[in-house]
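Please look at the structure below before reading my notes, which follow as numbered points. They begin with one strand pairing and then move outward to the neighbouring parts.

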Amino acid sequence: LMEQVKQIRADAIMCPNAVELDHFSRSGGSGTQPPPADLASIVKKNHPIIGYYGALARWFDYDLVRQAAQKHSDWEFVLIGPDHDNTLTASNILSMPNVHWLGSRDYSQLPNYLGHFTVATIPFVVNNITLATSPIKLFEYMAAGKPIVTSDMPECRKYPGVLVAQNSTEFIDLLEHALTLIHDSKYLQQLYQTAQENTWEVRVRQIVEAISRKPP
């Protein structure tokens, strides 16, 4: 969209999604709170929890998650969100014992779920939809201080600390690497700093500054 608009308005600015920092910050999403009831039994297994929240739809790469879950039966894969177009059901991924779908959850509840993820993911199919996607969850994961592994989307490649996989083998390798970063203070601080640079307040300032530069 930006490429198209730039041809018409050279002064257009790119203003992607952002984060409500206080809502998702590490203090509220560190896993120090008791897990929600539907997550408690999974947490008790004391296995790494590879998490995702958001729509489960045709752009979600079910096969990517399936391959990771098959290779690592000692990991728990937690999916939160609506089965937007019945592709989750059709994928049959829920037949795997270490893949768990908790359904949709309210925005107010997300930080507690996220706090109990070990690694946060965005496993999307790379297509025309996701190539033009600014995943709001990317910044929310950062604010919570969670290592992040994603598919190879341009928006994900832009930010330091995001581990971007180009194929299924790399996705699994990066998940394994991400588990070594959960206590890496330098890495986690980098994520949090990036979240601080991508809040809604920062976006508003960007817009206000652009408007103020426009001559009357």
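1. In this predicted model, the residue of strand β3 that serves as the bridge partner of Val 78 is His 100. The pairing belongs to a set of 3 bridges that join β2 to β3 (residues 99-101), and these two strands run parallel.

2. Strand β2 is also joined to strand β1 (residues 49-53), in this case by 5 bridges, and again the two strands run parallel. Within this pairing, Ile 50 has Phe 77 of β2 as its bridge partner. To get from β1 to β2 the chain passes through helix α4 (residues 62-71), and the resulting β-α-β crossover is right-handed.

3. Why can β2 be described as largely enclosed by the rest of the structure? The reason is that 5 of the 5 residues of this strand (residues 76-80) are buried, so the strand is largely enclosed. Both of its faces are covered, with Glu 76, Val 78 and Ile 80 buried on one side and Phe 77 and Leu 79 buried on the other.

4. Phe 77 deserves a second look, since the largest nonpolar core has 62 residues and Phe 77, together with Met 142 and Leu 175, is listed among those with the most contacts inside it. Leaving aside residues up to four places away in sequence, Phe 77 touches several others, including Ile 50, Val 65, His 100 and Leu 175.

5. Finally, please check Lys 137, which is found in helix α8 (residues 136-143). Lys 137 is buried yet has no salt bridge, and the nearest side chain of opposite charge, that of Glu 140, is 7.0 Å away. Not counting residues up to four places away in sequence, Lys 137 touches Tyr 52, Tyr 53, Gly 54, Ile 122 and Phe 124.

Key
Residues are numbered from 1 along each chain as its sequence is written. This is a predicted model: local features need pLDDT of at least 70, side-chain atom pairs count only at pLDDT 80 or more; totals for chains, interfaces and linings use all residues. Side-chain values use heavy atoms; hydrogens and water are left out. Buried means under 20% relative accessible area, exposed over 50%, partly exposed in between (1.4 Å probe, protein chains only). Helices (H or I, at least four residues) and strands (E, at least two) are DSSP runs, numbered from the N terminus. Two strands pair if DSSP finds at least two bridges between them. A crossover is right-handed if, with the strands pointing away from the viewer, the path from the first strand over the helix to the second runs clockwise. A nonpolar core is a set of buried Ala, Val, Leu, Ile, Met, Phe, Trp, Tyr and Cys residues joined through side-chain atoms within 4.5 Å. Contact means heavy atoms within 4.5 Å. Lys and Arg count as positive and Asp and Glu as negative; His and the chain ends are not counted. A salt bridge is a side-chain nitrogen of Lys or Arg within 4 Å of a carboxyl oxygen of Asp or Glu.
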